[in-house]
Amino acid sequence: MKLSDKKATLSFSDGSPSIDLPVYQGTVGPDVIDIRKLYGQTGMFTYDPGFLSTAACASGITYIDGDKGELLYRGYPIEQLAVKCDFLDICYLILNGELPNTKEKTDFDGLVVHHMMVHEQMQFFLRGFRRDAHPMAVLTGLVGAMSAFYHDSTDITNPQHRHISAIRLISKMPTLVAMAYKYSQGQPFIYPRNDLSYTGNFLRMMFATPCEEYKVNPVVERALDRIFILHADHEQNASTSTVRLCGSSGTNPFAAIAAGVGCLWGPAHGGANEACLQMLEEIQASGGLAKVGEFMEKVKDKNSGVRLMGFGHRVYKNYDPRAKLMQETCKEVLQSLGLENDPLFKLAMELERIALEDPYFVERKLYPNVDFYSGIVQRAIGIPTSLFTAIFALARTVGWIAQWGEMLSDPEYKIGRPRQLFTGAVPRDVADISKR
Ligand code: ACO
């Protein structure tokens with residue numbers, strides 16, 4: 001980051017002396033005011049719940065312009081990456097800053113796929129869970145447990161160790177998600193194969209059984225790979241900030257990523273595609289297309305507490321560029337699988353049509369987000385709704401671990417410790433229990 005010639009001057013209405021604050025420029029995007037010395041100079045904190053105006057770090061990985069609807073990984077537009085690259089190209093790019101050449105790609109793909117198998121003991125750990133446990137609960141546990149299996153990863157000051165743990169996490173996440181699924185079905189676990197792609201391997205570990213040969217459907221493989229690409233990173237969102245904050249204490253990467261998995265689970269974040277599908281299923285059960293108008297009225301009524309899931313985004317106040325790409329994939333998959341007349345897809349299209357025309361949504365700039373379509377694609381592929389967020393976690397792992405690594409190699413890195421505006425009781429004395 002570059003120090004700007006410009007300074008921000010903060011003045012006070014009570015005559016306290018004003019102070020100058022440095023301003024930094026990024027390569028693209030808004031400048032930031034450096035408030036690190038604010039407390040020292042004024043005895044005051046800033047107040048910004050929800051981080052609406054706070055840059056918590058400097059990062060060179062992902063850039064989003066929410067007003068333009070632009071998403072760049074390492075400078076490359078998502079629209080180009082999604083059609084010209086596969087997910088492992090994106091992982092290489094996010095981790096290393098550049099796209100791989102042919103040799104680098106062969107080596108990287110081989111490295112990741114060869115690390116997909118997990119420690120055999122992991123399945124015994126998994127067996128401690130109830131079969132009906134939510135996959136995100138299971139995944140939080142399994143990822144956290146990885147720290148007990150890979151002790152050497154704990155030297156976080158060693159860049160090579162950090163790289164090995166990044167590869168382990170990216171490689172083993174599909175295996176863990178598939179194992180969580182197989183466990184819920186009571187089916188045997190399927191081991192990865194080194195002759196399949198990363199995404200092909202995931203599909204096979206999910207859907208193959210030892211009873212017959214499983215052939216990966218290339219349309220489905222490409223669609224899932226695109227879901228992974230579109231979810232790979234999204235700068236300082238809630239789960240990534242959680243990984244950074246958790247990792248800032250110096251904890252091991254598996255514990256930090258497990259914290260990210262826990263955060264992603266929430267319905268306002270990664271749980272939205274699951275919540276979106278549940279919403280479609282509920283509308284369908286209550287009467288389908290005929291009930292869409294009634295449902296939309298509820299969404300617009302603030303007292304109902306109902307939100308149109310899969311719509312709106314904290315940062316994108318224009319169309320989510322990932323939603324456009326996902327919409328294309330959605331059509332392709334439904335066509336290829338002969339599901340164009342799927343009632344839930346028709347319902348989704350009707351909700352989208354109404355929302356894009358209705359002043360309530362237009363005025364608030366509420367557009368479909370990526371989760372709106374990714375849920376439909378995953379359902380068409382045969383992925384159960386409860387597993388959607390786990391797939392998101394699988395894809396986001398590369399972003400989380402790259403952001404964690406970036407934080408640790410930043411010379412300005414410190415443990416994260418937000419401050420507060422205290423609004424509780426003023427100091428008082430503890431009364432004897434008989435007098436309370
Ligand atoms: N349905 C109906 N109204 C909405 C919706 C929605 N999905 N989203 C926002 N609004 C309304 C709010 O009620 C508010 O109206 P008001 O100004 O009259 O009070 C206005 O739009 C602004 O909403 P905020 O909640 O302030 O927007 P914020 O940026 O904080 O929230 C969020 C963004 C959480 C994503 C929100 O839009 C939402 O809950 N969407 C549904 C859940 C969802 O799809 N999440 C996925 C996020 S993307 C991801 O994680 C990959």
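Which side chain has an N or O atom 2.5 Å from an oxygen atom of the ligand? The close-up views below, all taken from a predicted model, begin with that contact.

**View 1. Polar contacts between the ligand and Lys302, Phe311 and Tyr360.**
The side chain in question belongs to Lys302, where an N or O atom sits 2.5 Å from a ligand oxygen. Tyr360 also uses its side chain, placing an N or O atom 2.9 Å from a nitrogen atom of the ligand. Phe311, by contrast, takes part through its backbone: an N or O atom there is 2.9 Å from a ligand nitrogen. On its own the ligand would expose 930 Å², and the protein buries 75% of that area.

**View 2. The shell of 20 residues around the ligand.**
Step back a little from the contacts and the surroundings come into view. Lys302, Arg307, Leu308, Gly310 and Tyr360 come nearest to the ligand. Sorted by class, the shell holds nine nonpolar, five polar and six charged residues.

**View 3. The second largest pocket, with a volume of about 250 Å³.**
This pocket is lined by 13 residues, and those closest to its centre are Leu95, Ile401, Ala402, Gly405 and Glu406. Three helices, α3 (87-96), α7 (159-185) and α18 (388-408), each supply at least two lining residues. The biggest contribution is from α18, which gives five. If you are thinking about chemical character, the lining has seven nonpolar, three polar and three charged residues.

**View 4. The largest cavity, holding about 70 Å³ of space.**
The structure has three cavities of 30 Å³ or more, and here is the largest of them. Along the chain, its lining takes in Met117, Val118, His119, Glu120 and Gln123, then Thr175 and Met179, and finally Phe189, Ile190, Tyr191 and Pro192. Seven of the lining residues are nonpolar, three are polar and one is charged.

**View 5. The second largest cavity, with about 40 Å³ of space.**
Look here for Arg130, Arg131, Ala133, Pro135, Val138, Ala180, Tyr183 and Ser184, which line the space. Helices α6 (135-149) and α7 each provide at least two of the lining residues. The largest share, three residues, is from α7, a helix that also supplies at least two residues to the lining of the second largest pocket in View 3. By class, the lining of this cavity splits into five nonpolar, one polar and two charged residues.

How values were computed: Residues are numbered from 1 along each chain as its sequence is written. This is a predicted model: local features need pLDDT of at least 70, side-chain atom pairs count only at pLDDT 80 or more; totals for chains, interfaces and linings use all residues. Side-chain values use heavy atoms; hydrogens and water are left out. On a 1 Å grid over the protein atoms alone, a cavity is a set of points where a 1.4 Å probe fits but cannot get out, and a pocket is an open set with protein on both sides within 12 Å along at least five of seven lines; lining residues have an atom within 4 Å of a point. Grid points are joined across faces, edges and corners, and a volume is the space filled by probe spheres set on the points. Helices (H or I, at least four residues) and strands (E, at least two) are DSSP runs, numbered from the N terminus. Ala, Val, Leu, Ile, Met, Phe, Trp, Tyr, Cys and Pro count as nonpolar, Asp, Glu, Lys and Arg as charged, and the others, Gly among them, as polar. A residue is near a molecule or strand if one of its heavy atoms lies within 4 Å of it. A polar contact is a pair of N or O atoms within 3.5 Å; within protein, one must be able to donate a hydrogen and the other to accept it, and residues adjacent in sequence count only if both atoms are side-chain atoms. Accessible areas come from the Shrake-Rupley method with a 1.4 Å probe; for residues, only the protein chains shown count as cover.
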